[in-house]
Every structure is written in C-alpha cells, then in structure tokens.
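Visitor: I am new to this structure. Please take one part and look at it closely. Then show me how it sits in the whole.

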Amino acid sequence: MTASTRYAAGVAALLCALALVLVLSLAVGANPLSPGVVLDALRGGGDAQAHYVVVGLRVPRTVTGIAAGVALGIAGTLIQAFTRNPLADPGILGVNAGAAFAVAVGVAFLGVRDIAAFVWLAFLGALVVTLAVYVIGSSGRGAADPIRLTLAGVALGAVFSGITTGLALSNPDAFDAMRGWNAGSLLGRDFGVLLPVVPFLVAGAVIAVLVAPGLNALALGDDVARAQGANVRGIRVAVIVAVTLLCGTATALAGPISFVGLMVPHVARRLFGVDQRVILVVSMVLAPTVVLLADVIGRVLIAPAEMPVGIVTAFVGAPVLIALARRARAGAR
Amino acid sequence: MMRVDVGYPRHVVRIGSATLPLRRRSLVVGALLLAAIVVLAVVSLGLGTYSLTPGQVVRALAGQGGALDRTVVLEWRLPRTLAAVLLGAVLAVAGALFQTVTRNPLASPDVLGLANGAFTGMLLAVVAGAASWSLLTVGAVAGGVVAAAAIWLLAHRNGISGFRLIIVGIGVSALLSSVNTWLLLQMELETAMFASAWGAGSLNGVGAAAVRGAALCSLPLLAALAVLVPRLRQLDLGDDVAAASGARPEAVRRTALIVAVALVSIATAVIGPVAFVALAAPQIARRLARTPYLSLGLSALTGAALLLVSDVIAQHVLPVALPVGVVTVSVGGVYLVMMIVREIRRRA
C-alpha cells in the first residue's frame, strides 16, 4: 500500500503545485496584480483594466499553456515507452520541422500573418511529416523499429529545416515570422486559437489513456507482450496516432517548446517507478506545471520584455539532460 | 614472392622498403571522384552572368585567352571553387574522424554543438558591435572551440564514451540553439537576416587570401593524420585489443578529436558552419567504395565533390541565390532518407 499512498500523495502535491503556478500565471507579468484583484476580476468585479488583463489576456494564455503542457507530457510518456528509450523526445519524429515548414510556406507564399491561421498550418505540417517519417521508418517488415524511426525523423527533419531556412532567408516576412515562432511562445494566444484544436487534443489524450495498460506489456519486449495477449502492432499504431495528434496540437498552439516532453516523463519515472499508467498521470500534471512556470519565469526574467517560454524550457531542460547522461551507468553505452 | 589472400583485389605500391596496399575498388572510386571534382570545378568556373565554355575556362587557367576571361576565372571565381574543394575535404575528414572515434555514423561536428557554438560566438560578436569580417570570424571560431571543450568536459567521466558524448552534445547544442534564437529575436530584422545567412554557411565573398590561409592551416593537419590513421584502425578492433597491441586508446581518441575540431574551426572561419557535409560525406564514401572502415582520403574527395555540387545548385540552379549550407542540409537529408529506405529493403 505504501507505493499507492506515495503515488496519491505525490499527485496531490503536484496538483497543489499546478494550482499555485496557475495563480502565479494569472497574477505575474508586466502589470503585476495581487491574488485578491485577480479573484475580483475573475468574478467580473474590479476595475476595467485589471479585468482586461486577467480575463482577456492571462486566462487564455494560461489555459493554452496548460493545454500545450498536458499534450507534451502525454506525448513524451508515449514516445519514451514506445521507443523504450528514456531520452526520446516527441519532436524526434519530425513534428517540429514539419510544423515550421508549413508555417514558413504559409507566410512566404500564402501571405498568412495571423496566429490563428498558423495553428492550422502548423498542425497540418506536423501531421504530414510525422506520417512520412512513420512510412519511411516502419515500411518493410511491419514493426516500427524505434532506431529507424529516429533516423528517419532526423533525416526528414533536416530536409525540411533546410528548405524552411532557405524560404526564410529569401523572404524577410517569413524570416521575421519564423524567428518569433521558432522560439515557442504563449504570447497573444486567445480562445479563438485554442478552442478549434481542443478536439484533437482530447482525442489524443483518450487514445493515450486507453493504450496505457498496453504500454506496460510493451516494455517487456514484443514477444512477451504478445504472449500476454497484447496486440503489439495495434498498440504501436495507436501510440503514433496519439503522439502525432498531441504533439501536433502543442506545437501548433505554442510553437516548438523544447525539452518538456523529454524531461517530464523521465522525472516522473524517477519519482514514481516504471508503471506507465502512473507515469502518464504524473506527466499530465507535471508537464503543464513546468510550462506555466517557465512562462512565468520568462515574463519576469528580463521584465519589461518577455523571454519566450520555449527558450526558458531549453535552459532548464538541457542541464537536466546532461546530468542524466552523466549519471547513466558507464556500462549502458 | 609470397602472395597473401586478403579477401579483396589490391595493388601494393612500394617506395623503397615501405609498402602501401591499396584496394582496387577504392582506387577506382577515388579516381572517379577526382575526375568528377575536376569536371565540376571547370563547370562552376564557367557558370555565372559572364558565362564561359569549358574550353575558355581551361585556357584561362593555363594563363591564355582574353584578359577579361582570365580576370573572371582566376580572380573572381577560382577562390570560391578552391574554397569549396578544400573545405569540403576538410569538413569530410573531420566528420570521418568524429565518426571513427565515437563509432557512430550520426556523430558529426553539427551534432556535437560545434556549428551552434560557432553561430553563438558570431552572434555575440555582432551584439558586441563587431563590424569587421575578421572579428566575426574570431567570434565564430572561439564559440565553436568553447562549445566543443564544454561538451568534452561534461561528457568526460571515467574516460569518454561515444554515446555520452553524443547525448551531452545534443543537450549543449539545444541550449546554444535556443540562445541563438533569442539573440536573433533581439536584433534588427536586417542584421538578423545577415547573421542567419552567415550562420547557414556560405561561400559568398570568399577571397584568395582566405583560401590561402585555410590551405596553410589545414594542409599540415591533414598531413599529420597520416601518422594517426594506423592507430585509429587499431581502435576499430576494440579498446582492449588496441591496448594489447600497443596503442593508447584514450590518447589516440583525444588527438583525433582535437584535430577534427581544429579542421572544423578552419572551415568555419572561412565559410561559416556548413551543415551535413561532415556527417554525410564519410558515409557516402564508405558506401561507394564498400570499405569496412571510413577512409579519410575517399571521404575528403566525396566532401569536396559534395560541397562543389551544393554550391553550383545554390548559385545557379535555384531561383534565388541561397547560402550553400541550406542546400547541403537538404541534399544530405535526402541522402540519409535514401540510405534508410535501402537498408529497410535489404532487411525485408
């Protein structure tokens, strides 16, 4: 019982942390507000300016951050279980490169300037490129070999990022849009941007929850999983679909936010053991906390200017990755 | 005379008492690559707004032909073509060294943070107000070397493991790349675009002096590799066997990586961080010649050909002139995809 007590207490503590960061995210910024003022504004009271800042700007931004965080946490858990590699990142399948390519094409050739349109372009690009990576990486004898998928992701990612750079360098508008988008930011996201992609996020999350028990079987190796009655191929396909939907949604909403999807499931595994269902739930709560916290830090770090959330997460995530690599046993090549 | 069957057709060159066994397929591939480089060079010297036939180019190279032809070929276009050949070779050799030492076909200076580090150094120089080309170059080389040193130190723990080196390299690279994103966001649009074009790696504006300097720095390093290569081949047998046969694996690896970093820095100083040549050229060479190891000589020829082709595409084939680095990334990526597909076919 101690393990499940520990798990329950851990999730409760993480929920408290999320609630705290949520309040911070509503209160902190260029126009700092006290929690009381925030509450008033949420209830529809207070002065007009506070109301606009909280309800008009910070609530949508915070909700978007939570959505992107949840998506990245789940996607990271799935991809690490899928590849049996604790260092796999959901972006490894080419999602970010595909999304960036689509946004660059939209700006350069279609004259798109609007964040709401970026979302759809990015989502479409992410979907198409992940599909291509999957087709290249898993053709042949069926089972999607994780190493080959990774290679295919790196290779296709390189091709698309090359073309994206080329487009950006020959078109100042595209360059300007891309350098902002590439950083990964929650700035200026409103409900008009968020609501249309919520169904995809929910679909991805539902698939993830349904497939989670199967992930435990998969961890024992394909043969044992099959002996236990798991449908290995079905699980694999479901995971790819869910990762694409979730990671595509997150990237579409906020641009490429680095390291959250890699780091959070890893930390969850260290804290609560190897049960994929537990890792999934913990990551779902921990990831949005990290994203919101990074966003809040980005707002105060160089105030009155803002540092995009994706840059802050890289600064937190890269040292964690390096520390993990140093701690890995020397025997594990 | 005793003949030993070594499993492949070979020629043995004898100079005095020294013998040099050469595989026939490697010789043929090397000769073909050399021929391709010569043809590409002549073509690229002839292409441009003032276009010349191959005959005119050859005459100009021989010091004959019209004065204008000679000026265009020898003074305007030759430095650029020579830079592509020399630095393509330099990058490929550096890549082959990285991949041999880490025993990983995905290792390259790009993956190990050198390219991002050089870009960070250059951007910092721009932010600090450096206006001259030479200061930007100093920033870039310093940035690359500092990044490499940081990765080396962070990955060092009871010796260097190839895998840990790559993981730490990815982490540091990602960190530097987000620093770069941030620095670019802070700049005026025009400055940022100029910096990005440089950061992609470009042969634009390479002068004769720069090529001469690069040759003076890199040729001694390449010559020194002749001593190092037999030791590296020993390492291919595994550390234990290598140590038993008299090599010092750790020292050999360190020397090889230092030479590789120096070579990349030279290339970065002249043309910026050109991506993917170092990664792809050794792998292409290996598949062309079917050698069991990464041949430095063939890698060099492949790298030279690859950079020349990419530059011709970047300058003359695409509708807008782009930095050569943008083309090498795409060409290299397409090649990697083809390699994976072929591998899958073989297994299926």
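Guide: **Chain A, from the whole to one helix pair**

Chain A has 14 helices and 0 strands. Read along the sequence, its pattern is therefore a run of α elements, α-α-α-α-α-α-α-α-α-α-α-α-α-α. Keep in mind that this is a predicted model.

Start with the overall form. The C-alpha atoms of chain A fill a box of roughly 65 × 60 × 40 Å along the principal axes. For 333 residues, a compact globule would have a radius of gyration near 20 Å. Chain A has 20 Å, which agrees. Of these 333 residues, 56% count as buried. Contacts in chain A also reach along the sequence. Among those between residues at least 6 apart, 75% join residues at least 24 apart.

Next, the record. An unreviewed UniProt entry places the feature "transmembrane region" at several spans of chain A, including 91–110, 149–170, 191–215 and 235–257. Two of the listed spans can be checked against the model. Residues 91–110 of chain A are 75% helix and 0% strand. The end C-alpha atoms of that span are 26 Å apart. Residues 149–170 of chain A are 95% helix and 0% strand. Here the end C-alpha atoms lie 31 Å apart.

Now the close look. The part to zoom in on is a pair of helices. Helix H9 of chain A covers residues 198–218, and helix H11 of chain A covers residues 232–254. They pack at an angle of about 145 degrees. Their axes are 8 Å apart. H9(A) passes H11(A) in a left-handed crossing.

Which residues in H9(A) and H11(A) meet? From H9(A) come Phe200(A), Leu201(A), Ala203(A), Gly204(A), Ile207(A), Ala208(A), Val211(A), Gly214(A) and Leu218(A). From H11(A) come Val232(A), Ile235(A), Ala238(A), Val239(A), Val241(A), Ala242(A), Leu245(A), Leu246(A) and Thr249(A). The residues of this contact divide into 15 nonpolar, 3 polar and no charged.

Stay on H11(A) for one residue. Ala252(A) has its place in this helix. Is Ala252(A) buried or exposed? Ala252(A) counts as buried, because 29 C-beta neighbours lie inside 10 Å, and the cut-off for a buried residue is 20 or more. Leave out residues up to four places away in sequence. Ala252(A) then touches Ala99(A), Val119(A), Ala122(A), Phe123(A), Ala126(A) and Val197(A). Ala158(A) is 94 residues from Ala252(A) along the chain. The C-alpha atoms of these two are separated by 20 Å.

Step back to the partner chain. In all, 39 residues of chain A are in contact with 40 residues of chain B. On the chain A side, the elements giving two or more residues are helix H6 (146–169), helix H7 (172–183) and helix H14 (309–327). H6(A) gives the largest share, 13 residues. The side of chain A that touches chain B divides into 22 nonpolar, 11 polar and 6 charged residues.

Finally, chain B itself. Chain B has 13 helices and 2 strands. Buried residues make up 50% of its 348 residues. Of the contacts in chain B with a separation of 6 or more, 70% involve residues 24 or more positions apart.

One residue in chain B deserves a look too. Ala84(B) lies in helix H3 of chain B, residues 67–102. Ala84(B) is buried, because 30 other C-beta atoms lie within 10 Å. Set aside its neighbours within four places in sequence. Ala84(B) is then in contact with Leu203(B), Leu307(B), Leu308(B) and Asp311(B). Asn180(B) is 96 residues from Ala84(B) in sequence. In space the two are 26 Å apart, C-alpha to C-alpha.

Key. Residues numbered from 1 in each chain as written. Chains lettered and ligands numbered in written order. Predicted model: local features only at pLDDT ≥ 70, side-chain atom pairs only at ≥ 80, totals over all residues. Helix = DSSP H or I, 4+ residues; strand = E, 2+ residues; numbered from the N terminus. Buried ≥ 20, exposed ≤ 12 C-beta atoms within 10 Å, placed from the backbone. Contact = placed C-beta atoms within 7 Å. UniProt positions renumbered as here; feature names shortened; annotations may be inferred. Axes fitted to C-alpha atoms, helices over the stretch in contact; angles between N-to-C directions. Left-handed = near helix turned anticlockwise from the far one by under 90°. Nonpolar A, V, L, I, M, F, W, Y, C, P; charged D, E, K, R; others polar. Rg over C-alpha atoms; globule rule 2.2 N^0.38 Å.
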